[in-house]
Amino acid sequence: MPNSYLIQLFLEFCVPMDPDARAIVDGLTDFVDSVVVPLEDAHADVLADPRRAHGPDGAYSPETRALLQTVREAAAEAGYYCMFLTEELGGGGLGPVVLYEVWRALHATYGPGRILPYATVAHWSYAPSSLCTHLTPTAAARMLPEFLVGTTTSCFGMSEPDAGSDAWAMRTAARRDGDEWVVTGTKQWITNSPEADWVLVWAVTDPELQRTRSGGISCFLVPTTAPGFAVDSVITLFGQVGGHEGIISFTDVRVPADALVGELHQGFRLAMEGVSTGRVYNAGRCVGLAQWALDRAAGYATERTAFGTPIAEYQGVSFPLADSATEIYAADAMSRETARRLQAGETAHHEVAMTKVFTTEMCSRVYERAMQVHGGMGLTTEMRLYDGWHQARLARIADGSAEILRRNIARRVLRR
Ligand SMILES: Cc1cc2nc3c(=O)[nH]c(=O)nc-3n(C[C@H](O)[C@H](O)[C@H](O)COP(=O)(O)OP(=O)(O)OC[C@H]3O[C@@H](n4cnc5c(N)ncnc54)[C@H](O)[C@@H]3O)c2cc1C
């Protein structure tokens, strides 16, 4: 019996998965196995070679982009891509409980170091999300027909070189000029910006309100073909030849008045709505990746022998696995409870923050242990453990760093 089955059984015995989520997860993994994995296998020469998967500028190569688009469009056709979008926009209307389970199951099943399986479900920051419901009707008509079927993608432009954790300090500004808005500034760390067709950009529209942090920031929809828009560079993270994050700039980029997304001066609230979904996504991703790593470590520990016995017989090897199983169980249970609260209509900021801190840091610890259990093999690209460690490490910064979240958690605790 494969270890993954044993671990799944153990986790499900403790915390049963929501039955609706179970059916969707089963359908999605069948879809990935039958449609996406064969495509991945057929193009392994490109996907498994970072120098072919990326172009000379560090962005995805045309071949990789075409494969991602093929997967997105097939998943949209099959009804998976927009399953978390509202029904009035043609989505499946599913909520946080299924969102958590879907991202967890995808990562537990397909593991790190792959990209196509994760293009089957719209990512909260660069694909159809609740932010689409705030578009004006004319902007929606321009953007959504191709966006909802996976042909085009977007990105979420909030962070700046001098405004990361303190996003209120942003300098990108938008001024009204007749029937247009004129956007100027630079955004940094923007995921999917090297490939995106659209940017949701946050800009200062009232410096006085911004100073008091009560408003003054608005969101605009900008096509990346607009004159004055540029991808200045692709950010490469450690160990990578290309990247998915970019530095982008706006030099007097003009957009029509209907490009305003949501209410004027109230864009910050809108951004937080997106980021909250992102934190549930991160919880699913990290619990799933941790389950995948524990599965690999348990398998390796039972097969590998040293001093004439399987290394799993040594407590120095088996106790770290026990610690990982314990932490995964705690992370999974708290994530499911947080998702349940969100589904019930609670804002659950406190619980979402605690869940993001715990699940992302737990995932890093699980990968550290899994790499150690694998000995030298744990450091090879073949085992893909480094890819998982890398993702967990990023997740501790992106979508709210662990310190900023602890700051929020502590404020609530001390307020009593
Ligand atoms: C892989 C990745 C993808 C990202 N994708 C996007 C995206 O798509 N869109 C987007 O807008 N942004 C994105 N970001 C940006 C991300 O939101 C910021 O990196 C994050 O908010 C931290 O900002 P910073 O990097 O400028 O760090 P800084 O704000 O400079 O912080 C540096 C350190 O100081 C700590 N710190 C800061 N203030 C405090 C405080 N008050 N108390 C305690 N500690 C503090 C931080 O936790 C951190 O450890 C992404 C980042 C990464 C790494």
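This section describes the nonpolar cores, the ligand site and selected residues of a predicted model.

Residue numbers start from 1 along each chain as its sequence is written, and side-chain values use heavy atoms, with hydrogens and water left out. Because the model is predicted, local features need pLDDT of at least 70 and side-chain atom pairs count only at pLDDT 80 or more, whereas totals for chains, interfaces and linings use all residues.

The largest nonpolar core comprises 99 residues, of which V102, L106 and W202 touch the most other members. A nonpolar core is here a set of buried Ala, Val, Leu, Ile, Met, Phe, Trp, Tyr and Cys residues joined through side-chain atoms within 4.5 Å. Buried denotes under 20% relative accessible area, exposed over 50%, and partly exposed the range in between, with a 1.4 Å probe and protein chains only. Helix α9, spanning residues 267-303, gives the most to this core, contributing 17 residues. Helices (H or I, at least four residues) and strands (E, at least two) are DSSP runs numbered from the N terminus. A second core, separate from the largest, contains 19 residues, among them A196, F220, F229 and A259.

The ligand is surrounded by 16 residues, and F156, S159, S165, S401 and E403 come nearest. A residue is assigned to this surrounding shell if one of its heavy atoms lies within 4 Å of the ligand. By class, the shell consists of eight nonpolar, five polar and three charged residues. In this classification Ala, Val, Leu, Ile, Met, Phe, Trp, Tyr, Cys and Pro count as nonpolar, Asp, Glu, Lys and Arg as charged, and the others, Gly among them, as polar.

Polar contacts are pairs of N or O atoms within 3.5 Å; within protein, one atom must be able to donate a hydrogen and the other to accept it, and residues adjacent in sequence count only if both atoms are side-chain atoms. A polar backbone atom of F156 is 2.8 Å from a nitrogen atom of the ligand. The side chain of S159 places an N or O atom 2.7 Å from a ligand nitrogen atom. An oxygen atom of the ligand, in turn, lies 2.6 Å from a polar side-chain atom of E403. On its own the ligand has 970 Å² of accessible area, of which the protein covers 66%; accessible areas come from the Shrake-Rupley method with a 1.4 Å probe, and for residues only the protein chains shown count as cover. Strand β3 (180-191) and helix α13 (402-415) are the elements that give two or more residues to the shell. The ligand lies between domain 2 (153-266) and domain 3 (269-415), because both give residues to the shell around it. The domain bounds come from an automatic or database domain assignment.

Two residues are notable for their backbone conformation. Most residues other than glycine have a negative phi. N192, although not a glycine, has a positive phi of about 75°. This residue lies in the loop between β3 and β4 (198-204) and counts as buried, at 5% relative accessibility. H265, also not a glycine, has a positive phi of about 70°. The position of H265 is in the loop between β8 (260-261) and α9, and its relative accessible area of 19% makes it buried.

Strand β3 also contains T191, which counts as partly exposed at 22% relative accessibility. The C-alpha atoms of T191 and E245 are 4.2 Å apart in space, with their positions 54 residues apart in sequence. In helix α9, L270 is buried, with a relative accessible area of 7%. L270 and C219 are 51 residues apart in sequence, and their C-alpha atoms are 8.1 Å apart.

Further residues were examined in the preceding part of the chain. T120, in the loop between α6 (96-110) and α7 (137-147), is buried, with a relative accessible area of 0%. Its side chain reaches the backbone oxygen of P117 at 2.7 Å. G79 is found in the loop between α5 (62-78) and α6 and is partly exposed, with a relative accessible area of 45%. G79 and G90, eleven residues apart in sequence, have a C-alpha to C-alpha distance of 9.9 Å. V35, in helix α2 (residues 19-42), is partly exposed, with a relative accessible area of 37%. The C-alpha atoms of V35 and T153 are separated by 21 Å, the two residues being 118 residues apart along the chain.
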